[in-house]
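Trainee: Got a minute to go through a structure with me? I'd like to talk strands, cores and confidence.

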Amino acid sequence: MAADAKLSHTAAMILQAIHIGYLYGFSVMEQTGLPSGTVYPALRRLERDGLIRSEWEKQGIADEEQRPPRKYHKLTRAGEQAIVAALKRYPLLAKLTPASEEQLA
Amino acid sequence: MNQRSLVRGVSMYLVWIRCLSLFVPRSIRVDWHRCWASEVWYVYRDAVPLVSFFDREYWQGQRRVAEFCLGAIDDVRSVKESAQHPTRVPYARSAMRCVGLLAFAIVASGACFLLLPGERTAFERSPYQDPASIVLIAREAYAESARPSIPVEQYNAWRHRSQQLFSAFALYQPVIRQISVGEWRTHPLVVASVTPNFFALLGVSAATAQGDTHIPSLLLSSATWRSEFDGDPDLIGRTIRVGNREARITGIVDAPLWGLPGRAADAWLIEPDAGASALAPTSTAFVIARRATTDSFGSRWHMSIEDRPGEPAFDSNGYACIALDSTTSRPLTIFLMTVFLAFLALPATTSLPLGEYRINAPQRSFRSRMRRWAFLYAKILLTLPIVFFVSRDLAHLASAAHPLHAQYIQIVSSFCICLYGLRWSLRDQRARCPVCLCKLSHPARVGEASRNFLAWNGTELMCADGHGLLHVPELPTCWFSTQRWIYLDASWSGLFAKST
């Protein structure tokens, strides 16, 4: 998807959560208050459209801490452009996430 | 919470995730399950406190994990829907369908080409020994006609002259003769009467064992052996009637002879004597010769022969000597020439611009731009084999009626099909979205014909994905001579329901 494409409010919220550092699906859920049935499909769609990319944590790190590896997400360059446009469209989005002011500064 | 109780507590939810993963398409099932199983582990760790089984907080935590796991159902549904509609571009209008149809046309026309007898020789290696030194000799006026032009008496006169240029001559004369294929059954077949050194000159090993030297040997092609004699293994040595003569079958030849003009022979009748005395002296035949020298004369050269007393008069126009290996590459040469001519003629038949409106063009990625050009070149490249195969198929059909017409049919059909194919490639490209390469749809008439010189009048087509509009003028004017592609900006995207 091109960077100038419109994002729904939900997608923009998820993108913003990732943008400010909530990199895992569960942490995005907690931050946005959205249910898992909304967050995970949206993450998959955002990845398909090239706005975010995902990567699995290294197995060795997870093994050391006796926990399963996690899949974390990052914004692509197109995603960064999209979130700037989305914040203009949904100005309140910046207030929904505590770290937003710091990130946009 | 310790590790053991965590593993025990989360196992029930992992079974649920495992069951749901069975509904996920196989290609992403492993990743989907790994992702949800990992997340459930973290949700359980954070949500379910290490308290008594009867504590309220425990059940609140369990409820939270259960709600999380129920969300996996929505995710499965989303994954399945996206798998059922993986592409935005409908297949019927997509670039892949276009390429697929062209590939199918190549396979179909290529299969017809390969099934035609003698056509595949253009791509095969010559079975002859040193084919570059074998030449076909024909009267100059008949050099391109694929008709026998040398009288048998002239051939014999050459044979008896001392030769410097050629080391050996051979003759063959294809004629349709009735062959007895059963006790009371005859069938007309193309039988080539050949001199005894014919196969030796070509360098082809053929069984020519002769018992009675007065009876000519007959070699059958493997196709004739199977079709007319039902592949009878006891056929060798049998004497059958060929026209008004008897001949003994001495062998089967596997492959048809390569690059020889005239109709493809079903059988070869090996004359008992080198002079082919059984043939009428004035009847015409094809003559092949092997060059004695290794000097290069090119693929074709002219030869004059002076008359001598006591010999039949030779053609005053001279004779053409054509290298045998050049005759097989001729279809390819004709094809390349007609493709070149078609490219030259293309600008006269259609406009070359692809209708881009560069002033309004947003910055598209290098890959996207290259993809568009690659699609255009792929179409052109895929069209060329179709042109070759179809033109050869048509030429072969024409050669059944008249061998002389085959080349002309190939020239005309190859040029016409190639020109049409190139025109179609450009016109098809102009009717596609430059972004997704999807065929444009929803044509709409805009404007009025009476206002053609005052305002916009033409047809507007639209990319179904909302990438842009194509404006095609009804009548080219000085201010709107070619079609224009208008990119749509992001403000239009809401109309196409494609946003996330």
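Mentor: Sure, here are a few questions and answers on this predicted model.

Trainee: In which sense do β3(B) and β4(B) pair, parallel or antiparallel?

Mentor: Start with the link: β3(B) and β4(B) make a hairpin, with 2 residues between them. Across the pair, Ile176(B) sits opposite Val190(B). Residues 166-182 and 185-194 of chain B are joined over 10 bridges, and the sense is antiparallel.

Trainee: And which residue of β8(B) stands opposite Val191(B)?

Mentor: β4(B) also pairs with β8(B), residues 267-270, this time in the parallel sense. That pairing runs over 4 bridges. In β8(B), the partner of Val191(B) is Ala267(B).

Trainee: Which element gives the largest share of the largest nonpolar core?

Mentor: That core has 49 residues, and those touching the most other members include Leu171(B), Val194(B) and Ala267(B). Leaving aside neighbours within four places in sequence, Leu171(B) has contacts that include Val152(B), Tyr155(B), Val194(B) and Val287(B). Another core, of 39 residues, lies apart from it and has Ala12(A) and Val40(B) among its members. As for the largest share of the 49-residue core, 6 residues come from β3(B).

Trainee: Where in chain A is confidence lowest?

Mentor: Chain A averages a pLDDT of 80, with 85% of its residues scoring at least 70. Confidence is highest in β2(A), residues 71-75, at 90. Over residues 99-105 of chain A, though, pLDDT is below 50, and that stretch has 9 contacts in the model beyond near neighbours in sequence. The lowest mean, 41, belongs to residues 100-104 of chain A, helix α7(A).

Conventions
Residues numbered from 1 in each chain as written. Chains lettered and ligands numbered in written order. Predicted model: local features only at pLDDT ≥ 70, side-chain atom pairs only at ≥ 80, totals over all residues. Pairing = 2+ DSSP bridges. pLDDT = per-residue confidence, 0-100. Contact = placed C-beta atoms within 7 Å. Core = buried A, V, L, I, M, F, W, Y, C linked by C-beta atoms within 7 Å. Buried ≥ 20, exposed ≤ 12 C-beta atoms within 10 Å, placed from the backbone.
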